[in-house]
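Q: Could you go through this model with me? I'd like to talk about its pocket and its packing.

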Amino acid sequence: MSTSLPTPDDADKDRAVDLMLSVLEKAGNGIHTITINLSGETAGEHITERFNFAQNAFSFVPDTEMGVPFGELLAIASAGATGGMILRTWSTKDTVRAWAIDEGDFVPLTAAETFNAYCHNKETGELTGPPEGTEYADAPAL
């Protein structure tokens with residue numbers, strides 16, 4: 001299957017590593033899922049990958065099977081793709097932070113922007129509401 005997503009070069013791959021390290025640092029302690037979704041130029045073309053990990057001051061435990069595909073998609077995002085990235089921290093009250101990806105730039109969203117992006121039915125515009133026990137937070141700059 002061909003795709004209209006950009007092809008990353010070595011600089012994009014290096015930037016992806018830097019972005020990943022920044023996300024890990026800013027995620028803090030806990031159990032986390034990062035989801036990245038990129039859109040191609042062809043209508044309806046998109047690709048999504050997830051990466052689960054847990055970390056605290058003493059350890060980092062990644063889901064190693066998810067690491068390579070997620071890293072590859074992060075490099076494609078760095079190469080100039082458009083889409084979004086979500087960081088969910090799982091706890092008694094889940095926290096969700098998100099970034100818009102605009103031609104390779106990761107733009108932090110406010111809590112309100114994240115809520116609006118993920119709690120409205122895109123087809124009807126109706127409010128779907130957040131899942132119970134979920135709060136939205138401002139995303140940090142990466």
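A: The chat below covers the pocket, the cores and one loop residue. This is a predicted model, where local features need pLDDT of at least 70, side-chain atom pairs count only at pLDDT 80 or more, and totals for chains, interfaces and linings use all residues. Residues are numbered from 1 along each chain as its sequence is written, and side-chain values use heavy atoms, with hydrogens and water left out.

Q: What volume does the largest pocket have?
A: About 370 Å³. A pocket here is an open set of points on a 1 Å grid over the protein atoms alone, where a 1.4 Å probe fits, with protein on both sides within 12 Å along at least five of seven lines; the volume is the space filled by probe spheres set on the points.

Q: Which residues lie nearest its centre?
A: Thr35, Arg50, Ile86, Val96 and Tyr118, out of 20 lining residues (an atom within 4 Å of a point).

Q: Now the largest nonpolar core. Which residues touch the most other members?
A: Ile34, Ile36, Leu38, Phe70, Leu74, Met85 and Phe106, of 25 residues in that core. A core is a set of buried (under 20% relative accessible area) Ala, Val, Leu, Ile, Met, Phe, Trp, Tyr and Cys residues joined through side-chain atoms within 4.5 Å.

Q: Anything outside that core?
A: A second, separate core has seven residues, including Ile86 and Tyr136.

Q: And Glu103, buried or exposed?
A: Glu103 is exposed (over 50%), with a relative accessible area of 60%. Its phi is near 50°, a positive value in a residue other than glycine.

Note on methods:
Buried < 20%, exposed > 50% of the residue type's maximum accessible area, 1.4 Å probe, protein only.
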